Amino acid sequence: MSLASWFRWNEPPNRISQRNPTEMVVETLMMELSWQIKQAEKQQRERDNEYRKIKTGVDYGWLVSYPKQSYDISPGERLQLEDMCTKIHPSYCGPAILRFRQLVAEYEPEVQEVSRLFRSVLQEAAEKIKEEEEAKKLARQWNTKNKTSLSLTTFKSRSRISPFISDIKTISEDVERGTQPTRRVWSMPEFRNAKDY
């Protein structure tokens, strides 16, 4: 028995498992939600402490120990939010997080309102994605429609040529009929005067 089998020198290093981009988006967005919930709790505690200081005039903040995280969203709501996160394209993950942070900073929501705000951001991002997909679809349809219509017009001639039936007058036709040729030159198009009508 060799010692090399005991040591893992000759084995290739374990690579980080290739995860699905959708899973990464869900995980990133849900981590952002939980972080924002923690921040909202912290802000709410600070507001409560300030209110108590003003009301009582005494600071007992050094006596109070706070739990790590007291508020958590329900499992059903978490599953709904995760389902909504799966609909977000990876390229929209960053902008969705920025929009969420912007709204949280703007409204300073209570802890219970953070998940509703997050839901609205996800719906907004999903609508943008849907609008862009529809615009791309219409653009593709327009481009394929234009390509087919141009190809048909370039290959289809408007006048049909039939060797035996012709509306085009020739000099030989006039000679064969014994009629006087008209005044125009045959290589030029026919122009009529207004008084001829």
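Start with the whole protein in view: among contacts between residues at least 6 apart in sequence, 75% join residues at least 24 apart. Keep in mind as you look around that this is a predicted model.

Now switch to a cartoon view. You should find five helices and zero strands, giving the pattern α-α-α-α-α when you read along the sequence. Try a surface view next. The protein exposes about 17,000 Å², with carbon and sulfur atoms supplying 56% of that area. Buried residues account for 18% of the 197 residues.

Time to go inside. Select Leu29, Leu33, Leu81, Ile88, Phe100, Phe118 and Leu122: within the largest nonpolar core, which has 27 residues, these touch the most other members. Colour the helices to see where the core comes from: H1, H2, helix H3 (90-107) and helix H4 (111-155) each supply at least two of its residues. The largest share belongs to H4, with eight residues.

Stay in the core and centre on Phe118. Leaving aside residues up to four places away in sequence, Phe118 touches Leu29, Met30, Leu33, Leu81, Cys85 and Phe100.

Next, head back out to the surface and select Val58, Tyr60, Trp62 and Leu63. Together they form a nonpolar patch with about 490 Å² of accessible area. Zoom in on one of them, Leu63, which sits in the loop between helix H1 (21-56) and helix H2 (75-86). Is Leu63 buried or exposed? Leu63 counts as exposed because its relative accessibility is 53%, and the cut-off for exposed is over 50%.

Definitions and conventions
Residues are numbered from 1 along each chain as its sequence is written. This is a predicted model: local features need pLDDT of at least 70, side-chain atom pairs count only at pLDDT 80 or more; totals for chains, interfaces and linings use all residues. Side-chain values use heavy atoms; hydrogens and water are left out. Helices (H or I, at least four residues) and strands (E, at least two) are DSSP runs, numbered from the N terminus. Buried means under 20% relative accessible area, exposed over 50%, partly exposed in between (1.4 Å probe, protein chains only). Contact means heavy atoms within 4.5 Å. Accessible areas come from the Shrake-Rupley method with a 1.4 Å probe; for residues, only the protein chains shown count as cover. Patches are made of residues with over 30% relative accessible area and no salt bridge: like charges are joined within 9 Å, nonpolar side chains (Val, Leu, Ile, Met, Phe, Trp, Tyr) within 5 Å. A salt bridge is a side-chain nitrogen of Lys or Arg within 4 Å of a carboxyl oxygen of Asp or Glu. A nonpolar core is a set of buried Ala, Val, Leu, Ile, Met, Phe, Trp, Tyr and Cys residues joined through side-chain atoms within 4.5 Å.
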